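Let's take a friendly walk through a protein model together. Have the sequence and the 3D view open, and follow along one region at a time.

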Amino acid sequence: MNFDFITTLDVRLAAAELANIDAPQWDAFTLRQSIPGTAHGDTKCIPLRGALAFTDSFIVDAPRSLYAYAADYPHTCALVNEALRHLNVASVGNVLAVALMPGGLVAAHSDIGEYAEHFERFHIVLASETGNWFQVGNDIAYPQPGSLFFFNYCEVHSVGNPTQEARIHLIVDVTLKD
């Protein structure tokens, strides 16, 4: 199963907090999109939760917490907490706000390594114009704002935004209770 749509959430307040993709917070963290060979070159990112040093955030047992500036996004953090209530969560990994720029592409890739094998990945769609697509393996989905869904990020996946507006998602990594 490559996609599993869980529920629909009211994302309006969080979407409003993150709507200005020209705000300096979107350009404060560029590691994810600047690594040579990255699939994420057309994105911007605001990490909301992770390890003290973001580069340690992909170590499975690294201590994680909300970053101090997450307090600037109270509605976004509340939305993440609401989403967690819909899941059978044992622990929370990294949480990122990610904007795929207009006309942007996340190139086909798969996430590998201990972190990817340990955590399940869920997305919350905050903004997505008609035409945005998400492909995992041979499955293509067109998630709409408010969708909370799982996708198998260990499989080859890609994302396209052929529109004139940024596509904004929250990425929430968790382990689930048995």
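How many residues line the largest cavity, and which of them lie nearest its centre? The lining is made of 17 residues, and Arg 32, His 40, His 123, Val 159 and Ile 171 lie nearest the centre. Please keep in mind that this is a predicted model.

## The enclosed space

Searching the whole structure turns up 1 cavity of 30 Å³ or more. The volume of the largest cavity is about 140 Å³. Two or more residues of its lining come from each of β4 (89-100), β5 (105-109), β6 (120-127), β10 (157-160) and β11 (167-176).

Strand β11 gives the largest share of that lining, with 3 residues. As for chemistry, the cavity lining divides into 7 nonpolar, 6 polar and 4 charged residues.

## The largest pocket

Now look for the largest pocket, which has a volume of about 460 Å³. It is lined by 22 residues, and Arg 32, Ile 35, His 40, Phe 58 and Asp 111 lie nearest its centre. You have met Arg 32 and His 40 already: they are also named among the residues nearest the centre of the largest cavity.

Helices α2 (31-34) and α4 (114-118) each supply at least two residues of the pocket lining. The largest share, 3 residues, comes from α4. This lining divides into 12 nonpolar, 6 polar and 4 charged residues.

## Strand β11 and its partners

Is β11 enclosed by the rest of the structure or open to the outside? Of its 10 residues, 9 are buried, so β11 is largely enclosed by the rest of the structure.

Two of its pairings are worth tracing in the 3D view. Strands β4 and β11 run antiparallel and are joined by 9 bridges; here Ala 97 has Leu 170 of β11 as its bridge partner. Strands β6 and β11 are also antiparallel, with 7 bridges joining them, and Phe 122 stands opposite Val 172 of β11.

## Two residues of β11 up close

Leu 170 has its place in strand β11. Why does Leu 170 count as buried? Its relative accessibility is 0%, and buried means under 20%, so Leu 170 belongs in that class. Beyond its neighbours within four places in sequence, Leu 170 is in contact with several residues, including Leu 18, Leu 48, Thr 76, Leu 79, Val 80 and His 123. One of these contacts spans a long stretch of sequence: Val 80 is 90 residues from Leu 170 along the chain, while their C-alpha atoms are separated by 8.1 Å.

Val 172 lies in β11 as well. With 3% relative accessibility, Val 172 also counts as buried. Not counting residues up to four places away in sequence, Val 172 touches Val 80, Leu 84, Asn 94, Val 95, Glu 120, Arg 121, Phe 122 and Ile 124. Glu 155 gives another distance to look at: it is 17 residues from Val 172 along the chain, and the two C-alpha atoms are separated by 17 Å.

## The nonpolar cores

In soluble globular proteins, nonpolar side chains tend to be buried together. In this model, the largest nonpolar core has 32 residues, and those with the most contacts inside it are Leu 18, Trp 26, Leu 48, Leu 79, Ile 124, Leu 126 and Leu 170. The elements that give two or more residues to this core are α1 (12-18), β2 (43-51), α3 (74-85), β4, β6, β9 (147-151) and β11. Helix α3 provides the largest share, 5 residues.

Apart from this core lies another, of 15 residues, among them Ala 39, Phe 119, Val 125 and Phe 151.

## A strand with two faces

In a regular strand the side chains alternate between the two faces of the sheet. Strand β7 (residues 133-136) lets you see this pattern: Phe 134 and Val 136 point to one face and are buried, while Trp 133 and Gln 135 point to the other and are not.

Strand β7 pairs with β10 in the antiparallel sense over 4 bridges, and Gln 135 stands opposite Ser 158 in β10. Its antiparallel pairing with strand β8 (residues 139-141) has 3 bridges, where Phe 134 stands opposite Ala 141. The hairpin of β7 and β8 has 2 residues between the strands, and Gly 137 takes a positive phi near 60° there.

Note on methods
Residues numbered from 1 in each chain as written. Predicted model: local features only at pLDDT ≥ 70, side-chain atom pairs only at ≥ 80, totals over all residues. Heavy atoms only, no water. 1 Å grid on protein atoms, 1.4 Å probe; cavity = no way out; pocket = protein on both sides within 12 Å on 5 of 7 lines; lining within 4 Å. Points joined across faces, edges and corners; volume = space filled by probe spheres on them. Nonpolar A, V, L, I, M, F, W, Y, C, P; charged D, E, K, R; others polar. Buried < 20%, exposed > 50% of the residue type's maximum accessible area, 1.4 Å probe, protein only. Pairing = 2+ DSSP bridges. Core = buried A, V, L, I, M, F, W, Y, C linked by side-chain atoms within 4.5 Å. Contact = heavy atoms within 4.5 Å.
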